[in-house]
2 protein chains.
Amino acid sequence: MPPLVHRHPLAAQAAEVLLTRIRAGEWALGHKLPGETTLAAQLGVGRSTMREAIRELAGKGVLDSRQGAGVFVTALDVAEDWDAVLRRATVGAVIEARIAIEAEAAALAALRRTPTDLRAIRRALAARALGDPDVEFLVDTDTAFHRTVLVAAHNDVLIELFDSFVPRVHRAMTDMLRARPITAPEEDQAAHLALVDAIADKDASASAELSRAHLTALKEALS
Amino acid sequence: MPPLVHRHPLAAQAAEVLLTRIRAGEWALGHKLPGETTLAAQLGVGRSTMREAIRELAGKGVLDSRQGAGVFVTALDVAEDWDAVLRRATVGAVIEARIAIEAEAAALAALRRTPTDLRAIRRALAARALGDPDVEFLVDTDTAFHRTVLVAAHNDVLIELFDSFVPRVHRAMTDMLRARPITAPEEDQAAHLALVDAIADKDASASAELSRAHLTALKEALS
DNA sequence: ATACCGCACTCCTCAGACAAGTAGACTAGT
DNA sequence: ACTAGTCTACTTGTCTGAGGAGTGCGGTAT
């Protein structure tokens with residue numbers, strides 16, 4: 001993973017060694033590491049170099065150093081890059097996850113949407129309807145619309161999930177639409193309008209079902 | 001968001017300033033920053049302090065320094081740490097996301113489960129039923145059971161999401177169970193058995209509904 | 001036009017010194 | 001015996017100065 005074009009500086013090597021020993025469980029979660037001077041002597045590097053290695057791991061969120069107290073372990077491993085997971089996954093799997101999130105979010109939105117939320121949703125729907133021939137524009141406005149529904153659900157975790165997934169699907173959608181444009185734009189827009197109405201009516205189950213149906217169709221088209 | 005208990009060292013402050021300026025677009029993606037001596041003078045800190053700030057951002061993947069060439073911008077923003085999002089979120093919001101994921105996964109599991117999956121699920125259910133008084137054990141076996149359902153759904157993204165969420169809920173669950181133990185263990189076990197039967201019968205909607213009901217009850221209990 | 005060389009600039013590493021903060025031991029007072 | 005305050009050893013934080021090593025540019029000779 002690290003570019004082999006330039007060899008690791010000592011500090012980076014020291015950071016690797018440290019991370020390996022942390023992963024091996026040499027120091028438990030929250031416990032203190034030996035002092036900088038001790039560690040530097042152990043690895044045979046200067047104290048400044050050791051400090052830079054510690055800083056690097058602190059940047060990754062593995063270590064935390066407190067003046068006067070010491071350096072402590074705050075995580076046993078580096079949080080796996082979320083993008084990497086999505087890159088590895090198939091488009092179908094990603095959309096299935098999107099179905100899970102958006103259907104639930106639609107139901108919650110039906111229950112929790114404020115008048116302001118509803119206004120934002122309707123505005124986004126109108127923007128979607130402009131029928132611009134540009135594929136990029138179409139996908140963007142569609143995404144924006146779906147996001148307003150997520151916002152209306154008032155759940156930060158779901159929003160964050162949505163934002164993680166969208167970029168992964170974005171490319172697949174534009175490619176598909178370029179190859180096979182929407183045959184019936186009015187019909188597509190009507191499906192979205194139905195969802196908005198269900199949310200306006202505070203009909204949770206209908207909202208979930210409409211959202212699910214729409215995304216399932218998308219999944220069929222993309223996989 | 002960083003613990004306010006201990007004030008930022010100079011190096012951390014310098015890193016923040018640098019990150020802000022990068023986000024503001026002062027240096028484009030892949031462009032070179034001024035030398036460390038220049039930057040140090042600009043911010044009024046020593047070189048080693050500046051170096052530590054750069055190392056910290058390098059750990060986050062924002063900067064990359066090459067000896068002899070300079071320091072370069074490798075990312076305009078830090079991919080937000082998932083754990084950070086979950087830590088900030090309420091337990092209720094996390095469980096709502098879990099409902100979305102597990103209900104959908106239960107439905108998919110009902111459609112896709114292989115005989116091997118079903119065996120694993122039943123085995124996990126049996127382990128759960130041992131009725132050990134230890135709360136920690138109870139939560140762990142319950143989590144393991146739910147995970148077998150996720151595995152049966154055969155969707156890597158959903159599994160990954162589940163694994164991200166569980167640690168956040170784990171603590172809340174153990175705390176709650178210690179304060180208010182399950183009154184009717186048989187009933188709880190029966191609810192899980194019903195889910196397994198629905199998956200065995202390939203009844204997707206019933207599986208989703210049972211999973212949703214179980215987690216909704218959990219949400220009520222925890223929030 | 002090309003190949004080579006030198007040089008300025010950069011990051012990398014170390015050592016030493018002192019400041020600032022913490023946590024535990026110690027002591028005095030109740 | 002317990003509490004509050006002080007003291008002290010140890011830790012991280014910061015700065016300075018020095019030299020080593022790699023990169024990229026421009027000049028020069030071929």
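## The surface near DNA strand C

By class, 11 residues of the surface near DNA strand C are polar, 6 are nonpolar and 5 are charged. The model is predicted. In it, 22 residues surround the strand. The closest are Leu10(A), Gly46(A), Thr49(A), Gln67(A) and Glu36(B).

Which helices and strands supply at least two residues each to this surface? In chain A they are α1 (10–23) and α3 (47–60). In chain B they are β1 (63–66) and β2 (70–73). The largest share comes from α3(A), with 3 residues.

## Backbone and bases

Which part of DNA strand C do the atoms within 4 Å of the protein belong to? For 75% of them, the answer is sugar or phosphate. The rest belong to bases.

Some polar atom pairs show both kinds of partner. On the base side, a polar side-chain atom of Gln67(A) lies 3.0 Å from a base nitrogen of DNA strand C. Gln67(A) is also among the closest residues to the strand.

On the phosphate side, chain B takes part. An N or O atom in the side chain of Arg51(B) is 3.0 Å from a phosphate oxygen of DNA strand C. For Ser65(B), a polar side-chain atom lies 3.4 Å from a phosphate oxygen of the strand.

## How the two chains pair

Chain B can be laid on chain A by a turn of 179° and a shift of 0.7 Å along the axis, with an RMSD of 2.8 Å. That is how a two-fold axis relates copies.

Why do the copies meet through the same surface? Because 92% of the interface residues of chain B are also interface residues in chain A.

Technical notes. Residues numbered from 1 in each chain as written. Chains lettered and ligands numbered in written order. Predicted model: local features only at pLDDT ≥ 70, side-chain atom pairs only at ≥ 80, totals over all residues. Heavy atoms only, no water. Least-squares fit on C-alpha atoms with pLDDT ≥ 70 in both. Contact = heavy atoms within 4.5 Å. Near = heavy atom within 4 Å. Polar contact = N/O pair within 3.5 Å; in protein donor to acceptor, adjacent residues only side chain to side chain. Helix = DSSP H or I, 4+ residues; strand = E, 2+ residues; numbered from the N terminus. Nonpolar A, V, L, I, M, F, W, Y, C, P; charged D, E, K, R; others polar.
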